[in-house]
Amino acid sequence: MSLAIPRKGLENDDVLDRLSSFRADDTDWRAGRTWSLVYHAGDEHSDLLKKAHALYFSENGLNPMAFRSLRRMEAEIIRMTATMLNAGKEAVGTLTSGGTESLLLAVKTYRDRARANKPWLRRPELVAPRTIHAAVDKACHYFGVRPRYADLGPDYRVDPEAMQKLVNRRTVMLLASAPQYPHGVVDPIERIGSLAAETRLPFHVDACFGGFVLPWLEKAGYDVPVWDFRVDGVTSISADLHKYGFAAKGASSIIYRDMGYMRHQFFVSTDWPGGIYVSPTIPGTRPGGPIAAAWASLMSMGQDGYVERSRLAMQTAEALREGIKKLPGVALVCEADAPVVAWMADDEGLDVFVIADRMGARGWEVGRQQHPSCVHMTVNANQAPIVERYLSDLADAVSYAREHPEAGRKGDAALYGMMAKVPFRGLVKQSVLEVMERMYAPDAFDVPDLERVGGSKESGLVLRLVDRYGDDLMTALDQASELRRRVTKLLRSRLSQ
Ligand SMILES: Cc1ncc(COP(=O)(O)O)c(C=O)c1O
């Protein structure tokens, strides 16, 4: 398929009409049926963000000498965020394009710090909870650091002793989350802070998700464990403005206790013919729009606005949790510290992914998770009006799943079920990579239909297995995982005797 830039440019109205029409098949986030992809604080707030963004549409933070305004806004945002996180006067930081960039930088910074302090160190490692965001895995992949993941306790918070056991002379940093994304619980930051202090390791808290909600929930009177710079061992925190900070997309922050840590984040190239090149973060060009919109968001929401929206988000999450607790067949995975709900199937033979598919068919965006198989919801204040509808659709979906146990052997439910259970993770990875190759193939203009991918010759082994042997294989995998669960339980009880 050949596609070229039109020889003669289209009329502006025509361009905009076409753009609007592309959205027809997108998720309708305005209806409140989308969790976590869009953080919306009302149309008035969005209009302000758009205007602020447009004011700095052309400006480029690459050269702060040319655009002092952007450097000033960045500095003010960092100071306000540091104050919110109870940092001291020495705290410093930078804005980034998102949570992933903040985490990439945290890993790069501490790897480089270790290289500077211990030049003999080869094969650096980091220690983090199993639930740390996948961007840390990505950072390890990019920067040649080996991740060592610690197991969780029964409340889904990381077990600090398990972390301690993984620390060795190659360890360059510790990480934990406030809260972790999958289930919304805050890791035991104080205990990990003590471990960091004892081992003299830097400790990054990933609060990309909760950094702009936990401080306000604490102010609103909720019982939030202490997790920020008040904990001595914490050396840096990432907090996303484009999540519960309600800024425009493209804005996160990373704050360090002092410059001694942050200096390892900067990059300087001295011999390039284009001149001496300095870069504080990963990109070169740094768009002005998201910086201006983030500044506008903080100034217009104000502390009172954040407290109010956080309280309403939490109340909405609580209403959903109460409804789910009363519904036979489903149960909460755990009690979250943030406006997050994670639910799972709770009856023998009831498949969570069948319930999920049914909810998807009703127009709900569904966050399917694994280990354990469950569904994630990030809750916001604008979802207060949809609580009843969600719960009644969930009740119907549970009844459907009870009546149709065979549905777990078909479609997305089978695919996700299998992906979660297959013990050979390399196979899963290969299959997913093949889906990506299809999505980004030269003739691909849409996302591939997973079921069709599963049926094609070129598709990965896991998808082919689902397609051919779905039923038998699923039963075998269920038995294998039950066996593994029993053996692990037995071993654990023997070891603890
Ligand atoms: C805890 C946590 N960290 C990091 C990220 C990554 O953020 P982003 O998607 O903005 O790159 C997320 C995203 O949901 C998150 O929940």
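Start with two helices in this predicted model: where α11 and α12 cross, the crossing is right-handed. Helix α11 covers residues 352-361 and helix α12 covers residues 387-403, and the two pack at an angle of about 130° with their axes 8 Å apart. An angle over 145 degrees would count as roughly antiparallel, and 65 to 115 as roughly perpendicular, so α11 and α12 end up oblique to each other.

Now look at the side chains where these helices come together. From α11 you'll find V354, I355, R358 and M359, and they meet D393, L394, A397, V398, Y400 and A401 of α12. Sorted by class, that contact between α11 and α12 has 8 nonpolar and 2 charged residues, with no polar ones.

Let's zoom out to the whole chain. It splits into domain 1 (52-298), domain 2 (303-408) and domain 3 (412-495). Where domains 2 and 3 touch, 9 residues come from domain 2 and 6 residues from domain 3. Helix α11 turns up again here: on the side of domain 2 that touches domain 3, α11 gives the most, with 3 residues. By class, that side of domain 2 is an even mix, with 3 nonpolar, 3 polar and 3 charged residues.

Last stop, the ligand. There are 13 residues around the ligand, and G98, G99, T100, C208 and F209 come nearest. Helix α4, residues 99-117, gives the most to this shell, with 3 residues. As for chemistry, the shell around the ligand divides into 6 polar, 5 nonpolar and 2 charged residues.

Note on methods. Residues numbered from 1 in each chain as written. Predicted model: local features only at pLDDT ≥ 70, side-chain atom pairs only at ≥ 80, totals over all residues. Axes fitted to C-alpha atoms, helices over the stretch in contact; angles between N-to-C directions. Helix = DSSP H or I, 4+ residues; strand = E, 2+ residues; numbered from the N terminus. Parallel < 35°, antiparallel > 145°, perpendicular 65-115°, else oblique. Left-handed = near helix turned anticlockwise from the far one by under 90°. Contact = placed C-beta atoms within 7 Å. Nonpolar A, V, L, I, M, F, W, Y, C, P; charged D, E, K, R; others polar. Domains from an automatic or database assignment. Near = placed C-beta within 6 Å.
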